[in-house]
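Visitor: Please give me a close look at the charged side chains in this model. I would like to know which of them pair, where they sit in the fold, and what surrounds them.

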Amino acid sequence: AVVRFVLFLMGGGRPELYTCRFVGSVGCVEETAVDVVTWFQGPHELWYTPDTRLTGWAIRLVIAEIYRILAPGGRLYVIDHVAPAGAPPSTGGDTHRIDPNIIYEMATSAGLRLGESSDLFANPLDNGTTNEFAPNIRGTTDQFSVEYVKQEADQPVATSAGGTLTP
């Protein structure tokens with residue numbers, strides 16, 4: 001499987017646009033070179049591939065690469081269409097939506113911590129089950145907006161078991 005995505009990255013005070021292509025290898029951006037990664041309307045696309053679904057390793061590779069390129073204290077900003085809580089990842093390919101908890105699990109498992117969130121793009125009238133391209137919902141879907149932060153080198157990292165690890 002080939003994973004392609006475009007990231008708007010901010011490093012050293014100047015924005016740059018990178019197109020990354022992963023085929024089992026990484027490295028389109030230097031390690032810890034980026035202060036900000038924006039990932040808008042993209043997470044659900046990890047499960048949308050017209051010919052075949054991506055494998056688990058390819059999906060984990062994307063978030064691992066984002067973690068790798070983020071500088072300590074760097075931020076990942078994610079916006080995407082909301083799928084109902086508990087919806088499987090395959091909704092990303094079916095309705096072009098994703099349960100925000102799936103992204104949370106991916107990000108925190110990679111070592112990022114949850115930062116701020118916003119309801120700026122929330123729409124409580126959208127039940128999250130309609131394809132986001134449907135004419136009756138297009139442009140008005142319920143969307144989540146979340147910040148994840150890479151820990152500073154001297155900060156402990158929370159584990160899913162409730163303990164902490166010090167890098």
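Guide: A salt bridge is counted here when a side-chain nitrogen of Lys or Arg comes within 4 Å of a carboxyl oxygen of Asp or Glu. Side chains of opposite charge can pair when their charged atoms come close. The model is a predicted one, in which local features need pLDDT of at least 70 and side-chain atom pairs count only at pLDDT 80 or more, while totals for chains, interfaces and linings use all residues. Residues are numbered from 1 along each chain as its sequence is written, and side-chain values use heavy atoms, with hydrogens and water left out.

First, the frame. The protein has 3 helices and 8 strands, where helices (H or I, at least four residues) and strands (E, at least two) are DSSP runs numbered from the N terminus. Their order along the sequence is β-β-β-α-β-α-α-β-β-β-β. Of the 167 residues, 43% are buried; that word stands for under 20% relative accessible area, exposed for over 50%, and partly exposed for the range in between, with a 1.4 Å probe and protein chains only. Among contacts with a separation of 6 or more, 68% join residues 24 or more positions apart, a contact being heavy atoms within 4.5 Å.

The structure holds 3 salt bridges. One of these joins R75 and E147, whose closest N and O atoms are 3.1 Å apart. This pair links distant parts of the chain, with R75 in strand β4 (residues 70-81) and E147 in strand β6, 72 residues apart. The two ends differ in exposure: R75 is partly exposed because its relative accessible area is 28%, whereas E147 counts as buried because its value is 9%.

Another salt bridge is formed by R68 and E65, with 2.7 Å between the closest N and O atoms. Both residues belong to helix α1 (residues 56-69), and they are 3 residues apart, so about one helical turn separates them. E65 has 3% relative accessibility and therefore counts as buried.

The side chains of D126 and R97 also meet in a salt bridge, at 2.9 Å from N to O. Here too the pair links distant parts of the chain: D126 lies in the loop between β5 and β6, R97 in the loop between α2 and α3, and 29 residues lie from one to the other. Both partners are buried, since D126 has 7% relative accessibility and R97 has a relative accessible area of 0%.

D142 belongs in this account as a charge without a partner. D142 is in the loop between β5 (112-118) and β6 (143-150). D142 is buried but has no salt bridge, and the nearest side chain of opposite charge, that of R97, is 6.4 Å away; for this purpose Lys and Arg count as positive and Asp and Glu as negative, with His and the chain ends not counted. A polar atom of the D142 side chain does lie 2.9 Å from the backbone nitrogen of N123. Beyond its neighbours within four places in sequence, D142 is in contact with D80, H81, V82, R97, F121, A122, N123 and D126. Both members of the D126 and R97 salt bridge are thus in that list.

The surroundings of R97 can be followed further. H96 lies in the loop between α2 (91-94) and α3 (100-109). H96 counts as buried because its relative accessibility is 8%, and its phi is near 60°, a positive value in a residue other than glycine. G92, in helix α2, is in contact with R97 as well as H44, W47 and Y48, leaving aside neighbours within four places in sequence. G92 is buried, as its relative accessibility of 0% shows. The C-alpha atoms of G92 and P43 are 7.9 Å apart, although 49 residues separate them along the chain.

One more charge sits over a ring. K150 lies over the face of Y67, 4.3 Å from the ring centre; the criterion is NZ of Lys or CZ of Arg within 6 Å of the ring centre and within 35 degrees of the ring normal.

Methods: Polar contact = N/O pair within 3.5 Å; in protein donor to acceptor, adjacent residues only side chain to side chain.
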